[in-house]
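Me: Please take one part of this structure and look at it closely. I am new to it, so explain the terms as you go.

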Amino acid sequence: MRDKIRAISQEVYELIEPYMIEEDITQILDSHGKSTNSPRACKAGSSVYLLLSESNEVLYVGESGVSIKSRCFGDGSGAHYQKTWFQEVAKVRHFTKDSEAEFSKQERKLAEQALSIVLCPKYYI
């Protein structure tokens with residue numbers, strides 16, 4: 001059973017990975033998200049994302065129905081920036097669709113778990 005779960009997770013990862021966008025965490029933090037040239041992670045959407053170190057180590061895998069910027073910096077006590085490990089984050093790689101109709105909460109959660117199985121993030125919380 002374990003081998004099948006890993007194989008399915010790898011397949012999900014391979015479907016998503018070519019469409020992932022990489023953006024610098026500093027640019028995301030410095031942008032308000034309303035301008036057309038703001039990073040995609042600053043705009044509302046339905047996403048699965050990887051928080052990466054400067055050396056591309058996968059630190060965290062997450063999903064969000066709001067902008068990734070909101071999830072990282074404005075999600076109350078659950079905001080990632082409040083975690084001690086967040087200082088290691090240099091980049092975000094994400095797959096984002098414009099609405100939940102295009103990438104539902106259930107699909108995001110499945111993708112998040114599949115990516116976690118394949119990529120083994122340093123901080124699996």
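Reply: **One strand up close**

Leu-51 stands opposite Tyr-60 in β3. This is a predicted model, in which local features need pLDDT of at least 70 and side-chain atom pairs count only at pLDDT 80 or more, while totals for chains, interfaces and linings use all residues. Residues are numbered from 1 along each chain as its sequence is written, and side-chain values use heavy atoms, with hydrogens and water left out.

Leu-51 belongs to β2, which covers residues 46-52. Helices and strands here are DSSP runs, numbered from the N terminus: H or I of at least four residues for a helix, E of at least two for a strand.

Start with the partners. Two strands count as paired if DSSP finds at least two bridges between them. β2 and β3 (58-64) are joined by six bridges, in the antiparallel sense. The two strands form a hairpin, with five residues between them. In that turn, Asn-56 has a positive phi of about 70 degrees. β2 also pairs with strand β4 (residues 91-97), again antiparallel, over seven bridges. There, Tyr-49 has His-94 as its bridge partner.

Now the two faces. Ser-46, Val-48, Leu-50 and Leu-52 point one way from β2. Ser-47, Tyr-49 and Leu-51 point the other way. Is β2 mostly covered or open? Seven of its seven residues are buried, so it is mostly covered (buried means under 20% relative accessible area; over 50% is exposed, and in between is partly exposed, with a 1.4 Å probe and protein chains only).

Next, the nonpolar cores. Such a core is a set of buried Ala, Val, Leu, Ile, Met, Phe, Trp, Tyr and Cys residues, joined through side-chain atoms within 4.5 Å. The largest one has 15 residues. Leu-51, Phe-86, Val-89 and Val-92 touch the most other members. The elements giving two or more residues are α2 (25-30), β2, β3 and α3 (68-73). The largest share, three residues, comes from α3. Apart from this core lies another, of 13 residues. Leu-50 and Leu-52 are among its members, as are Val-12 and Met-20.

Back to Leu-51. Contact means heavy atoms within 4.5 Å. Leave aside the neighbours within four places in sequence. Leu-51 then contacts Glu-57, Val-58, Leu-59 and Tyr-60, among others. The list also includes Cys-72, His-80, Trp-85, Phe-86 and Val-89. Lys-91 and Val-92 are on it too.
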